[in-house]
Amino acid sequence: ASNSFNFKAIDGASPSNAFTIAAWVNFDDLTGSDNQFVIAKYNPGVVNEQQYSLEVDPDGAGRGSFLFKIFNGVELNRRLQLQATDLKVRPGEWFHVVATFSGTVSDGATANSGIKLYINGTPTTESSVFAGAGGAFTFIPDGAAPFSIGNHYNNPTDTDFFGQISEVAVWSTELSSDDVQVLYNFKETVAYRFSSGFVNLPPRV
């Protein structure tokens with residue numbers, strides 16, 4: 001199915017601070033040429049409304065790779081991005097994806113400059129890269145673009161997500177690799193208490 005949802009504000013989900021976004025994702029189709037947006041706080045063409053996006057990039061052969069972007073917020077399309085080309089995803093299967101940001105970027109660095117991407121609990125071995133012309137990153141506190149699931153703010157049909165998205169989660173901190181493993185391996189719903197870690201909730205019905 002193709003649909004999307006926009007939320008006016010999500011506290012803590014701003015690239016001026018550390019944060020984590022996560023979801024379970026199942027694709028219907030990855031044969032197209034356009035990226036499909038899973039989660040985004042992004043309005044293309046409006047520089048102070050470009051913050052971040054979690055997308056899948058089809059490879060032209062029916063598979064794809066997750067792509068996490070953090071935008072400058074000052075220069076249009078200036079971004080730091082990390083693509084998990086080593087961890088391909090396929091239609092018809094559930095994948096757990098987690099993207100984390102430490103809250104800082106070492107401008108000019110190319111190896112995991114503050115961002116990480118995990119697929120089914122496994123971190124990508126790829127390195128992050130800077131893209132788009134511009135200087136040092138200067139994050140804005142919070143852009144006007146809403147938090148979107150299944151597309152980005154403008155909702156063009158060519159970037160629609162085709163499939164199912166479940167258990168979208170946002171944290172105002174950078175989860176560790178151990179935290180990500182707990183999220184992936186738990187078969188029951190868990191909650192995260194920032195002061196004491198994960199706790200069990202009643203099993204899903």
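**Exercise 1. Surface and overall make-up**

Task: State how much area the chain exposes and what share of it carbon and sulfur atoms supply.

Solution. The chain exposes about 9300 Å². Carbon and sulfur atoms supply 49% of that area. These values come from a predicted model. Next, turn to the inside: of the 205 residues in the chain, 45% are buried. The secondary structure consists of one helix and 14 strands. Finally, take the contacts between residues at least 6 apart in sequence: 66% of them join residues at least 24 apart.

**Exercise 2. A salt bridge between two strands**

Task: Find where E55 and K69 lie in the chain, and decide whether they are buried or exposed.

Solution. Start with the count: the structure holds three salt bridges. One of them joins the side chains of E55 and K69, with a distance of 3.4 Å from N to O. The pair links distant parts of the chain, since E55 belongs to strand β4 (residues 50-58) and K69 to strand β5 (residues 64-71). The two residues are 14 residues apart. Both E55 and K69 are buried.

**Exercise 3. A salt bridge between two loops**

Task: Explain why the pair D59 and K88 ties together separate parts of the sequence.

Solution. First, check the pair itself: the side chains of D59 and K88 meet in a salt bridge at 3.6 Å, N to O. Second, place the residues. D59 sits in the loop between β4 and β5, while K88 sits in the loop between β6 (79-83) and β7 (94-101), so the salt bridge ties together parts that are 29 residues apart in sequence. Third, classify the exposure. Partly exposed covers the range between under 20% (buried) and over 50% (exposed). D59 has a relative accessible area of 31%, so it is partly exposed. K88 has 25% relative accessibility and therefore also counts as partly exposed.

**Exercise 4. The salt bridge of E93**

Task: Name the residue with which E93 forms a salt bridge, and give the distance between the closest N and O atoms.

Solution. The partner of E93 is R90. Their closest N and O atoms are 2.9 Å apart. For the surroundings, E93 has a relative accessible area of 34% and is therefore partly exposed. R90, with 31%, is partly exposed as well. As background, side chains of opposite charge can pair when their charged atoms come close.

**Exercise 5. Aromatic pairs**

Task: Classify the ring pairs F19 with F68 and F27 with F66.

Solution. The structure holds eight aromatic pairs. In the pair F19 and F68, the ring centres are 6.5 Å apart and the planes meet at 80°, so the pair is edge-to-face. This pair links distant parts of the chain: F19 is in strand β2 (residues 19-27) and F68 in strand β5, 49 residues apart. F19 has 0% relative accessibility, so it counts as buried. F68 is also buried, with a relative accessible area of 0%.

Now take F27 and F66. Their rings lie 5.8 Å centre to centre with 45° between the planes, and the pair is tilted. F27 is in strand β2 and F66 in strand β5, so this pair ties together parts that are 39 residues apart in sequence. F27 counts as buried at 1% relative accessibility, and F66 counts as buried at 0%.

A further step is to look for linked pairs: ring pairs join F19, Y52, F68 and F101 into a cluster.

**Exercise 6. Nonpolar cores**

Task: Which element gives the largest share of the largest nonpolar core?

Solution. The largest nonpolar core has 30 residues. Among those with the most contacts inside this core are F66 and F68. Elements giving two or more residues to this core include β2, β4, β5 and β11 (147-149). The largest share, five residues, comes from β2. A second, separate core has seven residues, including V98, Y118, V180 and L183.

**Exercise 7. Positive phi**

Task: Where do N120 and E167 lie?

Solution. Most residues other than glycine have a negative phi. N120 has a positive phi near 50°. N120 is in the loop between β8 (115-119) and β9 (122-123), and is partly exposed at 21% relative accessible area. E167 has a positive phi of about 55°. E167 is in strand β12 (residues 163-171) and counts as partly exposed at 41% relative accessibility.

Key
Residues are numbered from 1 along each chain as its sequence is written. This is a predicted model: local features need pLDDT of at least 70, side-chain atom pairs count only at pLDDT 80 or more; totals for chains, interfaces and linings use all residues. Side-chain values use heavy atoms; hydrogens and water are left out. A salt bridge is a side-chain nitrogen of Lys or Arg within 4 Å of a carboxyl oxygen of Asp or Glu. Helices (H or I, at least four residues) and strands (E, at least two) are DSSP runs, numbered from the N terminus. Buried means under 20% relative accessible area, exposed over 50%, partly exposed in between (1.4 Å probe, protein chains only). Contact means heavy atoms within 4.5 Å. Accessible areas come from the Shrake-Rupley method with a 1.4 Å probe; for residues, only the protein chains shown count as cover. Rings of Phe, Tyr and Trp (its six-membered ring) pair if their centres lie within 6.5 Å; planes under 30 degrees apart count as stacked, over 60 as edge-to-face and the rest as tilted. A nonpolar core is a set of buried Ala, Val, Leu, Ile, Met, Phe, Trp, Tyr and Cys residues joined through side-chain atoms within 4.5 Å.
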